[in-house]
Amino acid sequence: MAAAESSFKTADIDEKSIRKEKPEDLVTALAEAKAIAIMARLQHTDILKNVACPTLLITADTVVVYKGTIREKPCNEDEAREFIKGYSGGHAAVVGSVLGTNLNSGASKGGWESAEVYFHEIPNEVIDSLIDEGIPFKVAGGLMLEHPLTLPFVDAVIGATDTVMGLSKSLTEKLIEEALCQPGSSPRVQNMS
């Protein structure tokens with residue numbers, strides 16, 4: 001049995017142009033927009049023409065919700081510092097979506113999960129080091145849970161840690177199976193929390 005081949009593509013969409021009031025709706029809309037953008041690019045290539053086995057496109061998005069406000073990647077150092085200082089000694093929610101699209105049949109299945117992260121006090125020196133490394137600008141809400149500077153200040157995670165890290169393994173596996181097993185079905189989004 002041959003190993004499955006994988007490749008990675010970026011959607012190159014203007015995420016800031018897509019706005020929704022609820023974080024669940026926002027991450028779902030962003031994952032869908034990414035899928036549409038990538039599928040449009042793939043239609044202009046030969047990538048899918050002679051594919052004998054099912055080909056899946058997985059898109060996802062994550063935001064942090066702090067005191068009712070949706071936070072995406074911080075735009076500058078001041079915003080990154082404000083985000084991380086806010087979490088210090090407090091908590092935030094992470095909402096992540098996944099969309100699995102079967103490129104052979106067009107079937108897609110989506111869902112979202114959420115988790116809560118509680119933090120100890122995060123020293124200013126740690127915040128400065130994270131910003132100096134550029135870490136906050138790479139992740140939703142500006143805080144990478146698994147980073148060695150961050151991890152010691154995580155008090156508790158309620159929910160799946162991989163949801164906080166940006167891609168829920170269990171949700172992704174479930175949606176892949178559904179996208180492969182139900183060809184031609186219409187997109188459906190469900191809450192998996």
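Start by selecting Lys16: at 47% relative accessible area, this lysine is partly exposed. The model on screen is predicted.

**Stop 1: Lys16 and Glu72**

Add Glu72 to the selection. The two residues form a salt bridge in which the closest N and O atoms are 3.9 Å apart. A salt bridge here requires a side-chain nitrogen of Lys or Arg within 4 Å of a carboxyl oxygen of Asp or Glu, so a pair at 3.9 Å is counted. Lys16 sits in the segment before helix H1 (23-42), while Glu72 is in the loop between strand E2 (69-71) and H2, so the contact ties together parts that are 56 residues apart in sequence. Is Glu72 buried or exposed? Glu72 is buried, its relative accessible area being 12%.

**Stop 2: the whole chain**

Zoom out and colour by secondary structure. The chain has five helices and six strands. Followed along the sequence, their pattern is α-β-β-α-β-β-α-β-α-α-β. Now colour by relative accessibility: of the 193 residues in the chain, 44% are buried.

How many salt bridges does the structure hold? There are seven. Among the residues to pick out for these are Glu15, Lys34 and Asp61, which salt bridges link into a network.

**Stop 3: Arg81 and Asp128**

Next select Arg81 and Asp128. Their side chains meet in a salt bridge with an N to O distance of 2.9 Å. Arg81 belongs to helix H2 and Asp128 to helix H3; the pair links distant parts of the chain, 47 residues apart. Arg81 counts as partly exposed, with 24% relative accessibility. Asp128 is partly exposed as well, with a relative accessible area of 32%.

**Stop 4: the negative patch**

Stay with these helices and switch on the surface. Which residues form the negative surface patch? Select Glu77, Asp78, Glu82, Asp132 and Glu133. Helix H2 (77-87) and helix H3 (124-133) each contribute at least two residues to the patch. H2 gives the largest share, with three residues.

Centre on Glu133, which is located in helix H3. Its relative accessible area is 43%, which makes Glu133 partly exposed. Patch residues must have over 30% relative accessible area and no salt bridge, and Glu133, at 43%, is therefore past the area cut-off.

**Stop 5: Lys174 and Glu178**

Move to helix H5 (169-181). Select Lys174 and Glu178, whose side chains meet in a salt bridge at 2.3 Å, N to O. Both residues lie in H5, four residues apart, or about one turn of the helix. Lys174 is partly exposed, at 30% relative accessible area, whereas Glu178 is buried, at 15%.

**Stop 6: Ser168**

Step back to Ser168, in the loop between helix H4 (161-164) and helix H5. With a relative accessibility of 4%, Ser168 counts as buried, since the buried class is under 20%.

What does the side chain of Ser168 contact? Show Glu113: the side chains of Ser168 and Glu113 make a polar contact at 2.7 Å. Then show the backbone of Leu171, where the nitrogen is 3.2 Å from a polar atom of the Ser168 side chain.

**Stop 7: Leu57 and Leu99**

Go to strand E1 (residues 56-66), where Leu57 is placed. Leu57 is counted as buried, at 10% relative accessibility. Add Leu99 and draw a distance between the C-alpha atoms. The two leucines are 42 residues apart along the chain, and their C-alpha atoms are separated by 8.0 Å.

**Stop 8: Val154 and Tyr87**

The last selection is Val154, in strand E5 (residues 154-158). Val154 is buried, with a relative accessible area of 15%. Where is Tyr87 relative to Val154, in sequence and in space? The two are 67 residues apart in sequence, and the C-alpha to C-alpha distance is 9.9 Å.

Conventions:
Residues numbered from 1 in each chain as written. Predicted model: local features only at pLDDT ≥ 70, side-chain atom pairs only at ≥ 80, totals over all residues. Heavy atoms only, no water. Patch = residues over 30% accessible without salt bridge, like charges linked within 9 Å, V, L, I, M, F, W, Y side chains within 5 Å. Areas by Shrake-Rupley, 256 points an atom, 1.4 Å probe, with all protein chains shown as cover. Lys, Arg positive; Asp, Glu negative; His and termini not counted. Charge placed at Lys NZ, Arg CZ, Asp CG, Glu CD. Buried < 20%, exposed > 50% of the residue type's maximum accessible area, 1.4 Å probe, protein only. Polar contact = N/O pair within 3.5 Å; in protein donor to acceptor, adjacent residues only side chain to side chain.
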